[in-house]
Amino acid sequence: MTSRLGGLWFLVVGASAALTHVLVFALIKKIMVPELANALGFCVAFFVSFFGHRMLSFQDATTTLLQSLRRFAVTAVAGFICNELVFMLMLRGFGWSDMPSLLLALVLAAGQTFVLSRYWAFAR
């Protein structure tokens, strides 16, 4: 697969996972603290992201499915730590509302996730 097509799939899958994350967050934020709603959104979006990236973005990966899953879990958790720290800083530290805080956190974590996914989790 060409790098351009892999990059396009990465964007499509990433956007789908981000949308899943945001929708879960929006549905449950009224019944729990925002940081926990963010974590639950991440957990649901993890599966969208992993399977989409494995089947589309990095379909030519030479790692096994289980190896990719383990590596992607580490990658995703690292991305989530970045996400949650930015989210809390914007929400609690700077007084932003929850949705702009979440969107900024998702964008910043996406770059980190791409680099770790491309060069480690789904190594070619």
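Select helices α1 and α2 and view one across the other: their crossing is right-handed, meaning that the near helix is turned clockwise from the far one by less than a right angle. Helices here are DSSP runs of H or I with at least four residues, numbered from the N terminus. The contact of α1 with α2 is made by 15 nonpolar, eleven polar and no charged residues; Ala, Val, Leu, Ile, Met, Phe, Trp, Tyr, Cys and Pro count as nonpolar, Asp, Glu, Lys and Arg as charged, and the others, Gly among them, as polar.

This is a predicted model, in which local features need pLDDT of at least 70, side-chain atom pairs count only at pLDDT 80 or more, and totals for chains, interfaces and linings use all residues. Residues are numbered from 1 along each chain as its sequence is written, and side-chain values use heavy atoms, leaving out hydrogens and water.

Next, select residues 3-28, helix α1, alone. Its 26 residues reach 37 Å from first C-alpha to last, close to the 38 Å expected at 1.5 Å a residue. Now colour the buried residues of α1 (under 20% relative accessible area, 1.4 Å probe, protein chains only): among them are F10, V13, H21, F25 and I28. Show α2, α3 and α4 (98-121) again, since the buried residues of α1 pack against these helices.

Last, go to T75, in helix α3 (residues 65-93). T75 counts as buried because its relative accessibility is 1%. Leaving aside residues up to four places away in sequence, T75 touches T113, L116, S117, W120 and A121, where contact means heavy atoms within 4.5 Å.

Definitions and conventions:
Helices (H or I, at least four residues) and strands (E, at least two) are DSSP runs, numbered from the N terminus. Buried means under 20% relative accessible area, exposed over 50%, partly exposed in between (1.4 Å probe, protein chains only). Axes are lines fitted to C-alpha atoms, for helices over the stretch in contact, and angles run from 0 to 180 degrees between N-to-C directions. The expected span of a helix is 1.5 Å times one less than its number of residues.
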